[in-house]
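Work through the exercises below with the coordinates open. Try each task before reading its solution.

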Amino acid sequence: APVIAMDIDASSTLVATGSADSTVKVWDIDRGYCTHNFKGHGGLVTSVKFHPNKDKLCLVTAGDDGMIRIWNLGTRKCEAVLESHVSVVRSIDFTDDDDGAHMVTAGRDSVVNIWSWKRRSLLRTIPVYETIEAAGLLATNTQTGLDAGNNCARTIYTGGEKGVIRLWDMDTGKEIFEQKKELNAKHAFVDVQYLRQSQHLVGITNDQNLLFYAATKKLERVRQIVGYNEEIIDMGYVGQGQVHLAVATNTEQLRVYNTEDLNCELAYGHSDIILCVNVHSKGSIVATGSKDNTALIWLVNMKAPPNQRVLCVATAVGHAKAVGAVCLAQGASCSFMITGSEDRTVKMWDLSPLSSLFDSPERTAAIISESGPVKLRSTYTFQAHEKDINSICVAPNDGIFATGSQDKTAKIWDVASGKALGTLQGHRRGVWNVAFSPVDRVIATTSGDRTVKLWSLSDFSCLKTFEGHTNSVLCVEFLTKGTQLMTTGSDGLIKLWNIKDAECVLTLDKHESKIWTLAKQHTEAHIATGGADSVIYIWKDTTQEHIDRLHMEEAKLLEQQQALDNFLSVKDYRNAINLALSLNQPHRLLTIFQDVMMATEHRHLLSAEDGADDSAQRDQPAIMGSVSVDQVIGSLAPDQLERLLGYVRNWNTNGKFARIAQATLYCVLTQYTSEVILSLPSAKDLISAIQPYSERHFTRLDNLLTDSFIVDYTLHAMDSVNPAGMEALTIGDDDSDYE
């Protein structure tokens with residue numbers, strides 16, 4: 001059976017659970033076994049609570065039968081049954097200033113009961129006139145920030161169907177504070193948790209949100225976490241710093257997320273699902289369209305008090321069906337709004353009555369609270385398409401606007417008169433999104449035919465077609481001063497295109513389903529995407545960081561190359577070899593070894609010709625031609641040794657470099673034990689690659705040695721037959737002397 005209630009004792013060693021099977025179990029947390037199993041309730045166990053007295057462990061439980069039972073964990077028996085509630089008991093708590101001498105219980109019978117723990121008797125009943133889902137006690141003498149007359153030593157908090165938290169004086173039963181419910185909010189509390197250390201009350205709502213209230217600041221909301229998202233339909237960056245996202249998520253509330261700490265503001269105004277969101281360039285004005293056939297204008301000020309951060313300042317009522325597309329004017333004054341609907345019509349709304357609100361946002365809350373949202377009037381209305389309108393975009397100069405529809409066309413209109421200027425025909429399926437270039441007289445459209453098209457606003461001809469998505473392309477934005485396009489599609493892919501050559505330069509695959517929307521910051525530093533997988537991903541533009549990193553790596557490489565040349569010029573082979581290994585330059589290392597060995601051989605040859613005594617060199621033979629080089633090879637770190645053996649493996653495959661490879665391998669084998677070599681991660685692969693080529697080289701040397709014996713034999717044979725020839729030469733010399 002499912003567990004409905006749970007509590008942990010003060011020592012954090014026991015946990016009690018209440019279940020739908022009418023039983024209460026106590027578990028040892030460390031060992032994971034059940035220590036007690038209590039039976040006695042006649043229905044669901046809805047609340048459990050350990051008594052704070054550690055000398056006598058007691059557990060209090062309550063159920064949907066209204067009964068409260070006190071269990072002694074030492075004797076494993078029920079000590080008392082308290083009867084007063086007539087409905088489900090949802091909360092149990094104890095006072096902390098007198099070792100739990102008083103108990104508070106509350107339930108769905110709209111009362112809070114205060115009990116004497118010692119006498120097991122009812123002291124007081126407080127009627128609260130609402131169904132209570134959670135109640136408890138604040139820490140003793142908590143300063144709630146109320147007036148001096150309303151402060152009390154022991155304060156009870158309650159939360160329930162009204163969706164507000166209320167405070168009560170436990171000693172008098174008087175209500176001392178009730179929250180003011182947020183405008184148009186419809187939630188109710190299903191639980192309230194008290195965080196004693198941070199002095200926060202956390203309300204859990206029936207729409208799965210967490211609301212954090214400061215218990216010491218008149219229950220001011222300090223944070224809100226939204227716990228459930230449906231499909232992300234549309235969104236846009238708002239606020240001056242553009243760190244907040246206004247999001248429409250298949251609900252009637254507009255959600256404004258702080259992307260840094262995920263705090264969320266819920267704005268109530270629509271009565272049905274929000275379908276579209278558009279944000280003005282200022283970042284403080286937001287327009288939304290909904291299935292309730294209306295469009296709303298919101299003013300966003302994230303520095304205002306919590307209940308005034310997102311205010312509905314105007315309503316646009318007039319469409320006969322759902323408003324699926326909305327766009328605000330691009331100019332600083334934001335003088336108009338264009339809306340498109342499933343009724344196939346386009347309306348232009350005059351926003352000039354809102355200019356005073358836009359100019360003085362600090363006074364907006366007071367004005368709206370007095371007179372309510374402004375009712376907008378439409379300037380003109382006309383049927384724009386033969387099917388639903390999916391997208392509307394206003395040009396940067398506010399002179400024209402474009403609409404995209406399921407009738408496979410996009411149209412260009414004059415803002416002032418609403419006159420049609422041109423039709424963009426070419427898509428084989430409905431047009432999902434339209435976007436104007438910020439610099440050029442071109443417009444981009446996306447379609448269900450899996451293509452993106454770029455159109456000229458001069459003659460309305462198609463300039464380019466971008467193909468690459470495997471399903472409908474749903475959204476498009478111009479980036480990098482109009483030189484690139486970013487698109488999202490039903491295939492769950494995000495693609496970045498270069499407009500000049502119509503090539504896709506980047507594909508991002510993170511979403512698990514179709515991506516409905518794409519939002520960018522003015523600086524294009526961050527881009528957010530959201531879709532049917534209920535997830536918002538925020539992407540950071542790392543182009544400049546990548547370029548800077550490449551420049552730094554290139555500069556560092558040049559410095560190291562110069563240092564390597566300097567080491568070689570002064571014959572500092574130790575540092576030269578270490579640097580060549582760190583730079584991963586096997587050819588330079590091979591050249592160093594060749595030069596050292598050739599220089600040594602040349603020096604020995606000259607010494608032999610001069611007859612000089614080179615016994616000192618023979619006393620300390622150097623495998624690589626230089627003792628310092630041998631010492632460097634013998635003192636390599638494991639990763640450097642593994643890299644050097646990798647070079648040896650490659651050199652060994654070429655007979656031209658086999659001598660250097662074998663000399664290096666011999667130098668390694670004479671200075672490192674087999675255990676050290678075999679401990680390298682790739683030792684097995686290196687040995688298996690070096691061995692066959694080494695055997696081949698030794699076989700070739702054996703053949704050369706065998707062939708040299710034939711040369712020796714031939715020379716010896718020539719010496720044995722040469723005396724006759726020598727005599728002729730001698731006679732010739734004698735004749736010449738005779739003459």
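The exercises cover a sheet, some salt bridges and a helix in this predicted model.

**Exercise 1. The sheet**

Task: Find the strand order of the open sheet of four strands, and state which strands are the edge strands.

Solution:
- Step 1. Trace the pairing. The order is β42-β43-β44-β45, and the pairing is antiparallel.
- Step 2. Look at the ends. β42 (473–479) and β45 (503–509) each pair on one side only, so they are the edge strands by the pairing criterion of at least two bridges.
- Step 3. Check the turn between neighbours. Neighbouring strands are turned by 20 degrees against each other on average, direction ignored.

**Exercise 2. One strand pair**

Task: How many bridges join β44 to β45, and what is the bridge partner of L493?

Solution:
- Step 1. Take β44, residues 493–498. Six bridges join this strand to β45, and the two run antiparallel.
- Step 2. Start from L493. Its bridge partner in β45 is D509.

**Exercise 3. Salt bridges and exposure**

Task: The structure holds 15 salt bridges. Take the one between R31 and D28 and the one between E175 and R166, and classify each partner as buried, partly exposed or exposed.

Solution:
- Step 1. Confirm the R31–D28 contact. The side chains meet at 3.4 Å, N to O. The cut-off is 4 Å, so the pair qualifies.
- Step 2. Classify R31. Its relative accessibility is 62%; exposed means over 50%, so R31 is exposed.
- Step 3. Classify D28. Its relative accessible area is 11%; buried means under 20%, so D28 is buried.
- Step 4. Turn to E175 and R166. Their closest N and O atoms are 3.1 Å apart.
- Step 5. Classify E175. At 29% relative accessible area, E175 is partly exposed.
- Step 6. Classify R166. At 4% relative accessibility, R166 is buried.
- Step 7. Look for shared partners. Salt bridges that share partners join K56, E79 and R120 into one network.

**Exercise 4. A helix and its surroundings**

Task: Compare the span of helix α3 with the expected value, then inspect K540, E545 and K571.

Solution:
- Step 1. Count residues. Helix α3 covers residues 543–569, which is 27 residues.
- Step 2. Get the span. From the first C-alpha to the last, α3 reaches 39 Å, close to the 39 Å expected at 1.5 Å a residue.
- Step 3. Inspect K540 and E545. Their side chains meet in a salt bridge at 3.1 Å, N to O. E545 is partly exposed, at 40% relative accessibility.
- Step 4. Step past the helix. Just after α3, K571 takes a positive phi of about 60 degrees.

Methods:
Residues numbered from 1 in each chain as written. Predicted model: local features only at pLDDT ≥ 70, side-chain atom pairs only at ≥ 80, totals over all residues. Heavy atoms only, no water. Axes fitted to C-alpha atoms, helices over the stretch in contact; angles between N-to-C directions. Buried < 20%, exposed > 50% of the residue type's maximum accessible area, 1.4 Å probe, protein only. Expected span 1.5 Å × (residues − 1).
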